[in-house]
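Here are some exercises to work through with the sequence and the 3D view side by side. Try each task yourself before reading its solution.

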Amino acid sequence: MKRSFNPASVRKPFGHYNHGLLVPPGASLLVTSGQLGIRPDDSIPPDVTGQAELCFEAISAILEDAGMSFADVIRISGFVTKREDFPAYMAVRDRYTLEPKPVSTLIVVGGFTRAEFLVEVEVTAAKVF
């Protein structure tokens, strides 16, 4: 069982995540590449919500192939191109994450490989089989 850590001496998390998670010995570790908001037919939604949903759906498929789910995600790294997209991204993230909430980092970046990409998400998951 993962244990979460949010010490009283550290400011409470800004959103629905934990400051630290401890994974027990013997856990299998899965690390994903950054997923972009692009469909298999190469179409791209014009907004961060639509793109973030595609990112998390891609991650869901990867987790499923590995015999895992969002309950096993211990870390999320999100990257957006505009600070004003934080709330939309976090709303999508919060719909997918389960307890205990993973640790999370959200960074504003200058852009991605194509100008139409607005968000990229990668995760680390751990599960004791």
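**Exercise 1. Find the accessible surface of the protein and say what share of this surface belongs to carbon and sulfur atoms.**

Solution. Keep in mind that you are looking at a predicted model.
- Step 1: the accessible surface comes to about 7,100 Å².
- Step 2: carbon and sulfur atoms hold 56% of that surface.
- Step 3: now turn from the surface to the inside, where buried residues make up 40% of the 129 residues.

**Exercise 2. Describe the order of the elements, and decide how the radius of gyration compares with the globule rule.**

Solution.
- Step 1: count the elements, and you get 2 helices and 7 strands.
- Step 2: walk along the chain from the N terminus, and the order reads β-β-β-β-α-β-α-β-β.
- Step 3: the radius of gyration is 15 Å, and the globule rule gives 14 Å for 129 residues. The two values are close, so the protein is as compact as a globular protein of that length.
- Step 4: for another view of its dimensions, the C-alpha atoms fill a box of roughly 40 × 35 × 20 Å along the principal axes.
- Step 5: look at the contacts with a separation of 6 or more; 76% of them are between residues 24 or more positions apart.

**Exercise 3. Which residues of the largest nonpolar core touch the most other members, and which elements give two or more residues to this core?**

Solution.
- Step 1: the core has 20 residues, and those touching the most other members are Phe-56, Leu-63, Tyr-89, Val-119 and Val-121.
- Step 2: the elements giving two or more residues are helix H1 (48-65), strand E5 (73-80), helix H2 (86-96) and strand E7 (119-127).
- Step 3: H1 supplies the largest share, with 6 residues.
- Step 4: zoom in on Tyr-89. Leaving out residues up to four places away in sequence, Tyr-89 touches Ala-52, Phe-56, Ile-76, Gly-78, Val-80, Leu-106, Val-119 and Val-121.
- Step 5: a general tendency fits here: in soluble globular proteins, nonpolar side chains tend to be buried together.

**Exercise 4. Arg-11 and Tyr-17: is each one buried or exposed?**

Solution.
- Step 1: locate them. Arg-11 is in the loop between strand E1 (3-5) and strand E2 (20-22), and Tyr-17 is in the loop between E1 and E2.
- Step 2: the relative accessible area of Arg-11 is 52%, so Arg-11 is exposed, the cut-off being over 50%.
- Step 3: Tyr-17 has a value of 16%, so Tyr-17 is buried, since buried means under 20%.
- Step 4: check what surrounds Tyr-17. Apart from neighbours within four places in sequence, Tyr-17 is in contact with Arg-93, Lys-101, Pro-102 and Ser-104.
- Step 5: compare positions in sequence and space. Arg-11 and Leu-63 are 52 residues apart in sequence, and their C-alpha atoms are 31 Å apart.

**Exercise 5. Where is the cis peptide bond that involves Pro-100, and what is the phi of Asp-42?**

Solution.
- Step 1: recall the background: most residues other than glycine have a negative phi, and most peptide bonds are trans.
- Step 2: the cis bond joins Glu-99 and Pro-100, with omega about -10°.
- Step 3: Pro-100 is in the loop between H2 and strand E6 (103-108).
- Step 4: the phi of Asp-42 is near 75°, which is a positive value in a residue other than glycine.
- Step 5: Asp-42 lies in the loop between strand E4 (35-36) and H1. With a relative accessible area of 54%, Asp-42 is exposed.

Conventions:
Residues numbered from 1 in each chain as written. Predicted model: local features only at pLDDT ≥ 70, side-chain atom pairs only at ≥ 80, totals over all residues. Heavy atoms only, no water. Core = buried A, V, L, I, M, F, W, Y, C linked by side-chain atoms within 4.5 Å. Buried < 20%, exposed > 50% of the residue type's maximum accessible area, 1.4 Å probe, protein only. Helix = DSSP H or I, 4+ residues; strand = E, 2+ residues; numbered from the N terminus. Contact = heavy atoms within 4.5 Å. Rg over C-alpha atoms; globule rule 2.2 N^0.38 Å. Areas by Shrake-Rupley, 256 points an atom, 1.4 Å probe, with all protein chains shown as cover.
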